[in-house]
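Q: Please take a close look at one part of this model, the pairing of aromatic rings, and then carry on from there to what surrounds it.

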Amino acid sequence: MLAYAHRLLPVLARAGRHRAFTVTLTIAAALRVVTMLGYPPARLYWYDSFTYLHNAVHLRPEQGFHPIGYPLLLRALLPFHSVEVVVAVQHGMGLATGVVVYAALRGRGAPGWAAVAASAPVLFDASFLRLEHAVLSDSLFVLLVVAATALLVRRPVPSARAAAAAGLLLAGAALTRTIALPLILLAVPALAVRRVPWRRLAVLALSGLLPVAAYAGWYAGVHGRFAIGGGDGVALWARTMTFADCALVRPPPDLAPLCPNGLALDAASEYVWAGESSLNRLPGGHAALNERARAFALRAIAAQPLDYLRDVARDTALAFAWTPVAHPARTVPAFGFAHGTWPLPADQPLAGQVRREYDPDLTGMRSVRPYADLLVAYQYPAYLRGPLLAAVLLLGAAGAVRRPRTAALPWAVAVTLLVAPVAVLDFDHRYVLPVVPVACLAAGLAFGRAPRRPAARPARRRSPGRGRDPVMGCGRRAAWPRRRRASRR
């Protein structure tokens, strides 16, 4: 017993140092239990959720907007035949994301209060609770990006194993949401500035790009085009519909039908789905028109670069509003916990097939009291307002200046995740949430301590008889070793 107690003492000492975070994590876990009890079985979105569940059963590259990453997770959970198990795993991913942020900051010398504060938004923000409770790819995507970034800032020079693991995590993120593709290209020069050896940069690049290339090859074998999705051109075309002027663009005859047709919508993303938009009036569907849509969008951006940048800046600024802005107007930007029932959509063609193949007990979500009452009241104070997000990003920028070898990379990742979705499609409050934990990681690194240099080893004392003449002193070799060697001859 004494031996076991002796081994347990260091463990208890370490747990005592993290007592505040242990309490924080316990409360965050309890909130997730309340969420599952208050809104069974899960939140389902008309297009995304049912497409993901269908792709999980029929694994093959999809021509739309969703690569294979999240369907692979759903496929791994298919034996349970329950979307409740899916959201339970995602709630666990939310907790794991908070743990990664805390552990990364403590490992870089940040004080306990700073590490706990940096992990708090992802653990307690009601928007993350709602996101984890939906059949969506976002929770997996956030965990993959945060884990990869934490690995790359764990040490000033990451090991080859850390570089390979981070590359694989970024590849998984890119195959979950394509917006992570620039992060692979961003990480390599960011580490090169830190004078990371080129072999480790090569390991990071290869481990990040090879899985993506393999999937693109699979996609080409199925759909005849080397890509990881079939909706990028359509998305970029929709981005240009808020400013494109065909008198300036001057498209060729084959692209002219994609010009704006006078339809005015309140968000760029609405043009993807509006039946009255010029793209959706053409025959063939999104997959067939994707190449033409991309060609038109690139011509429009080249012809009107300032208009494009103005619209991207205007929509990105929506993330910093104190009161969440509904964009598009039909959406609920925040405070989405409510009372009621939400039946399965009758006009969703995949609903019946998903119920047969993935979850036979699948039903629409409903609220259950008193758990839903708690969450409805909780969501109003537990929300990271836009100006607070701006303050976190500014603090992260200060950390990037103060500790460029550690904080610069997560800050650059956060800014990329904030701007890139708006640049290629539109602003969405869902797309802002992955920014939060990475920005908090960069901000927390501003309080980190510089790594201690190992103490210099004391100079080894040499025996007077092994290389120094005990009589003549320094600089003259002893004569007796030579005489010993001569005596052996």
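**A buried ring pair and beyond**

A: In this predicted model, Phe 21 is buried, and Tyr 102 is buried as well. A pair of aromatic rings is described by the distance of the centres and the angle of the planes. For Phe 21 and Tyr 102 the centres lie 4.0 Å apart and the planes meet at 5 degrees, and the pair counts as stacked because planes under 30 degrees apart are given that name. The two residues belong to distant parts of the chain, since Phe 21 is in helix H2 (residues 19-38) and Tyr 102 is in helix H5 (residues 83-107), 81 residues apart.

The structure holds nine aromatic pairs, and elsewhere ring pairs join Tyr 39, Phe 337 and Trp 342 into a cluster. A ring can also be placed beneath a charge, as with Phe 141, where the charged end of Arg 177 sits over the ring at 4.7 Å from its centre.

Helix H5, which holds Tyr 102, also takes part in lining the largest cavity, and H5, helix H7 (126-132) and helix H8 (138-153) are the elements that each give two or more residues to that lining. The largest cavity has a volume of about 60 Å³, and its lining residues include Met 93, Thr 97, Phe 128, Leu 131, Glu 132 and Val 142. Sorted by class, this lining has five nonpolar, three polar and one charged residues. In total, three cavities of 30 Å³ or more are counted.

Key: Residues numbered from 1 in each chain as written. Predicted model: local features only at pLDDT ≥ 70, side-chain atom pairs only at ≥ 80, totals over all residues. Heavy atoms only, no water. Phe/Tyr/Trp six-rings, centres within 6.5 Å; stacked < 30°, edge-to-face > 60°. Helix = DSSP H or I, 4+ residues; strand = E, 2+ residues; numbered from the N terminus. Buried < 20%, exposed > 50% of the residue type's maximum accessible area, 1.4 Å probe, protein only. Lys NZ or Arg CZ within 6 Å of the ring centre and 35° of its normal. 1 Å grid on protein atoms, 1.4 Å probe; cavity = no way out; pocket = protein on both sides within 12 Å on 5 of 7 lines; lining within 4 Å. Points joined across faces, edges and corners; volume = space filled by probe spheres on them. Nonpolar A, V, L, I, M, F, W, Y, C, P; charged D, E, K, R; others polar.
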